[in-house]
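Me: I am in my first year, and I would like a close look at a single part of this protein, the sheet and the ligand site beside its strands. Please take me through it slowly, and explain each term when you use it.

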Amino acid sequence: MATVAATALWSLLLLAAPIDAQVYMGADRSADAFTWVQPLNTTILGQYGHSEPVYPSPSSTGAGGWAEAFEKAQAFVAELTLTEKSDMVTGVPGPCIGNIYPIPRLNFSGICLQDGPVSLRIVDYVSVFPSGVTVAASWDKTVMYERNLAMGREFRAKGAHVALAPSAGPMGRCVYSGRNWEGFSPDPYLSGVAMELGIRGLQDAGVQAVAKHFVANEQEIMRNPVYYTNGTLQYEAISANVDDRTLHELYMWPFANAVHEGVSSVMCSYQRANGSYSCQNSKLLNGLLKDELGFQGYVVSDWYALHAGVDAVNAGMDMDMPGTTRYNRSYVPELARMTSLFGGNITTMVSNGSVAEARLNDMVTRIMTPYFHLRQDEDYPTVDPSSVFLNTFSNQSSWLRPWNITQDTSIRDARDNHAEIIRRHAAESTVLLKNINNALPLKAPRYIGIFGNDAGEIQNGPINRFGSDESLEYGTYAVGGGSGSGRLTYLVTPQEALKARAQQDGTVVESWLNNTLVATSDATTLWSYRGPDVCLVFLKSWAREVIDRESLELDWDGNAVVESVASSCNNTIVITHSAGVNVLPFADHPNVTAILLAHYPGQESGNSITDVLYGDVNPSGRLPYTIAYNESDYNAPIVTNIQTTGVEDWQSWFDERLEIDYRYFDANNISVQYEFGYGLSYTSFDMSDLIVESTQQSGAIQQFPAATPVTPGGNPELWQTLYTASIAVSNTGLSRGSTVPQLYISFPDSAPSGTPPRQLRGFEKVELAPGERRTVTFEIMRRDISYWDVFSQEWAVPSGDFIFHVGFSSRDLVASATVTPIAA
Ligand code: NOJ
């Protein structure tokens, strides 16, 4: 194990500690932050905030089915000059958000990297898909795969080799984090499945996927260092200080799924992790990612996230992006950097012996192996010329070398039939939280009132912005902001879709989209001759990259809008388009008859929600997080401010350890408004007859997995199914619909303290006709019943009784079985 090797090297490395081995004391943790002791010494195991050195950087081997591509990559590397190798690991300005320059003499046409998780951001004629949190709310594996397969086909059609997606960092430790919506869920298991299937979708389309941002990238504030205007450093970026167990069981977990799936690349994150910048952190990159997880692809930096040269290379960094400072600094001012650390410097590092050429060869091999594996050397579409003129990030005047790109102006429309998929996926991801008095589905109402500034058209240009949010008052949110956004080629608003649908029944539709007016008026003075039969209130909340959310309330006085409408309309239905968690103080209002969460649904937003409101799609989404009663109920806050001035003083201590989201609420018996996994349907379901079976002979399961050579994803034994659990599910209602049986596991008391009371370890969405009954089966792997043992540095199965619970949500558990893999 790398850690053992590190122990042996420890005292030696201390003498010449590279940047990632340097540790500081946090401003508020001076007493226990750090002592220089060996990493396996028990006195340090409960502490964190430092990152031990792990060297050398493991070389790739082509394991995990990449042998043929690996050989091709090695042969390719053998043809390169040192300068060409340096070029291969360094981005240059070009038509895409990230570019590796072509080498025509080897028929290599370069690599085009493009954002991001919901859409190909900087081109025209592509689709904007439902965002990550939306898809997580589907709890539907088919949706998770299909969405990215379709998106991958668009990337390919536009000549993008690499999709900078999907994201599991942030995972959602803190409800305020500005980019939670790009990823999936604060539950690592749900996120892990979504990562795996999303990667499979992209790569089945022939596009390289990038699992980002590795790791513990859980807030936006201070994600980058801050410099005074004279260029001197004021503050290092925030350090996410996570203990070893939590890192494994929460934040690394979905990345393990990604590596297991054969992800091409992993993007290291902006912030520091345990005191060392993620892109030069040898423990994270050499130790955890490449050694423990057996990752065979390349580590790409987040844009300008590289802060070291030699140290980063030796710590396991493989590709610097964007690799130059020649960019429009006004675009994202906080990203401004002074120097480029790879490029020509790589040539120097190898020439003067600071970096072994073997390491550089490995970097290029890692970059080219997925390229060959996905056959991107064969008939890959050229980079779409629309990238050139839409790419404000590195416009043509900044290109260091001419790019061989056909300057034709013809339209390359990549959207295909994806509108249909997007409409269906967003509808299937919509979560119904409340439905009383038969409010939904709508039944040809005579008069619909539409309320709220989220119902209509965006009034002030495209929504895919980094900048000011003020101009977003009017218009529905189909996607969030920043590099994970998408440029909508069209947007179906709720208002227009509802009007079109209502016409079929001759329904009268009137709209009040001014929140201030609605919130401050007596609603009866708003409507014309009599009140609507149904009042649809559309509310929203915004989130984007670079900033974190400041409140969990719905934006633009959303609560007051609901109160005002509901005070006079006894059939008020609230629909939200939001980045994630909102507190819903109106949830128990008797006149609020239904609540639907649509998150960020993508370009077909209006059609998707109309399909659900009218019952053409029976809602089957489930909460991928918990909705608490009060904002103050959530733990794990973002660090928004510090009182000290030390350059390293921005520290975020993940002291809650494993207790985030439902793990925290369950461990502390806190009542919540709507629990993790919750969601209603227009029909009803029943579950019974849980049967758990072991795939192993009695007594065969050992505490630790057998020492099997690591393949991508880690020790292959971790992925071995040890139990199957089956349960019969019936549709007991009158309409066709889908439900999501969920399996949660309680560990025995012998597991170390801090183990959450229940953890999600299986889910399956099942569609049933009225009266139909089907059996759903979950496969429980070794990893699912293991905790990360910090002493042995292994996943360990604790002895004693596990309880497998199956139910409709994390707090609606209808059946359970006791399982004893290892007797106490
Ligand atoms: C920064 C973001 O953090 C990352 O997700 C994105 O892929 C790059 N910028 C490129 O736009």
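Reply: Two strands are said to pair if DSSP finds at least two bridges between them, and the strands themselves (E, at least two residues), like the helices (H or I, at least four residues), are DSSP runs numbered from the N terminus. This is a predicted model, in which local features need pLDDT of at least 70 and side-chain atom pairs count only at pLDDT 80 or more, while totals for chains, interfaces and linings use all residues. Residues are numbered from 1 along each chain as its sequence is written, and side-chain values use heavy atoms, with hydrogens and water left out.

With those terms in hand, we can turn to the open sheet, which has six strands in the order 1-2-3-4-8-11, with mixed pairing. Strand 1 (98-100) and strand 11 (298-301) each have a single partner strand, so they stand at the edges and one side of each is left without a neighbour in the sheet. Strands of a sheet pair through backbone hydrogen bonds, either parallel or antiparallel. Here strand 4 (residues 208-214) and strand 8 (residues 265-268) pair in the parallel sense over four bridges, and Val 210 stands opposite Ser 265 in strand 8.

Strand 4 also holds His 213, and the peptide bond that leads from Lys 212 to His 213 is cis, with omega near -10 degrees. Another cis peptide bond runs from Gly 169 to Pro 170, with omega near 10 degrees, and Pro 170 has its place in the loop between strand 3 (162-163) and helix 7 (188-204).

Lys 212 and His 213 bring us to the ligand, because a residue is counted as near a molecule if one of its heavy atoms lies within 4 Å of it. Of the 14 residues around the ligand, these two come nearest together with Asp 115, Arg 179 and Asp 302. The shell divides into five nonpolar, two polar and seven charged residues, where Ala, Val, Leu, Ile, Met, Phe, Trp, Tyr, Cys and Pro count as nonpolar, Asp, Glu, Lys and Arg as charged, and the others, Gly among them, as polar.

Looking at individual atoms, we can ask about polar contacts, which are pairs of N or O atoms within 3.5 Å; within protein, one must be able to donate a hydrogen and the other to accept it, and residues adjacent in sequence count only if both atoms are side-chain atoms. A polar side-chain atom of Arg 121 lies 3.4 Å from an oxygen atom of the ligand, an N or O atom in the side chain of Lys 212 is 2.9 Å from a ligand oxygen, and for the side chain of Asp 302 the distance is 2.6 Å. Taken alone, the ligand exposes 290 Å², and the protein buries 96% of that, with accessible areas coming from the Shrake-Rupley method with a 1.4 Å probe, where for residues only the protein chains shown count as cover.
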